[in-house]
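These are notes for a colleague who is opening this structure for the first time. Please read them with the sequence and the 3D view at hand.

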Amino acid sequence: MLRAMLSVIVFLLLGSPVVSAERKQPNILFILVDDLGKEWISGYGAEGINTPAIDKLAATGMKFNNAWCMPQCTPTRVTLLTGQYPFRHGWTNHWDVPR
């Protein structure tokens, strides 16, 4: 009897172990590419270049028309990993050591 009461109390306190089907997590695909300009993706107006997979992602998801990043890969990667602006973490160019 005590075991059954404890089971009911634990169930009521913790809630149902069944995951709700209504709860949806967002699907996020973040692509970081070195040395790629928007003029090389047909979804952004590139002529003579066909990028159907990227165009499909842009059509069914979110497309950025105004974004900011550093012109080199190292500061952009450090900014992404630290969540800090380049003037905070010191990586403002593509060097081996922060300046």
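**Notes on the structure**

1. N27 is exposed, because its relative accessibility is 80% and exposed means over 50%. The model is a predicted one. N27 sits in the loop between α1 and α2. Its C-alpha atom lies 9.7 Å from that of G61, although N27 and G61 are 34 residues apart in sequence.

2. A second exposed residue is N65, with a relative accessible area of 66%. N65 belongs to the loop between α2 and α3. Along the chain, N65 and Y44 are 21 residues apart; in space, their C-alpha atoms are separated by 8.5 Å.

3. For orientation, here is the overall layout. The chain has four helices and zero strands. Read from the N terminus, the order of elements is α-α-α-α. Of these elements, α1 covers residues 2–14 and α2 covers 52–60, while α3 covers 73–82. The chain has 99 residues, and 13% of them count as buried, where buried means under 20% relative accessible area.

4. Is W40 buried, partly exposed or exposed? W40 counts as partly exposed, because its relative accessibility is 41%, a value that falls between the 20% limit for buried and the 50% limit for exposed. Like N27, W40 is in the loop between α1 and α2.

5. W40 is also part of a nonpolar patch on the surface. The other members of this patch are L29, I31, V33, L36, I49 and L57. Together, the residues of the patch have about 650 Å² of accessible area.

6. The next point concerns pockets. The largest pocket has a volume of about 1,700 Å³. It is lined by 36 residues, and those closest to its centre are F30, I31, L32, F64 and A67. I31 therefore appears twice in these notes: it lines the largest pocket and it belongs to the nonpolar surface patch, whose members must have over 30% relative accessible area.

7. Which helix gives the most to the lining of the largest pocket? The answer is α3, with five residues. Both α2 and α3 supply at least two residues each to this lining.

8. What kinds of residue make up the lining of the largest pocket? It divides into 22 nonpolar, nine polar and five charged residues.

Key:
Residues numbered from 1 in each chain as written. Predicted model: local features only at pLDDT ≥ 70, side-chain atom pairs only at ≥ 80, totals over all residues. Heavy atoms only, no water. Patch = residues over 30% accessible without salt bridge, like charges linked within 9 Å, V, L, I, M, F, W, Y side chains within 5 Å. Areas by Shrake-Rupley, 256 points an atom, 1.4 Å probe, with all protein chains shown as cover. Salt bridge = Lys/Arg side-chain N within 4 Å of Asp/Glu carboxyl O. Buried < 20%, exposed > 50% of the residue type's maximum accessible area, 1.4 Å probe, protein only. 1 Å grid on protein atoms, 1.4 Å probe; cavity = no way out; pocket = protein on both sides within 12 Å on 5 of 7 lines; lining within 4 Å. Points joined across faces, edges and corners; volume = space filled by probe spheres on them. Nonpolar A, V, L, I, M, F, W, Y, C, P; charged D, E, K, R; others polar.
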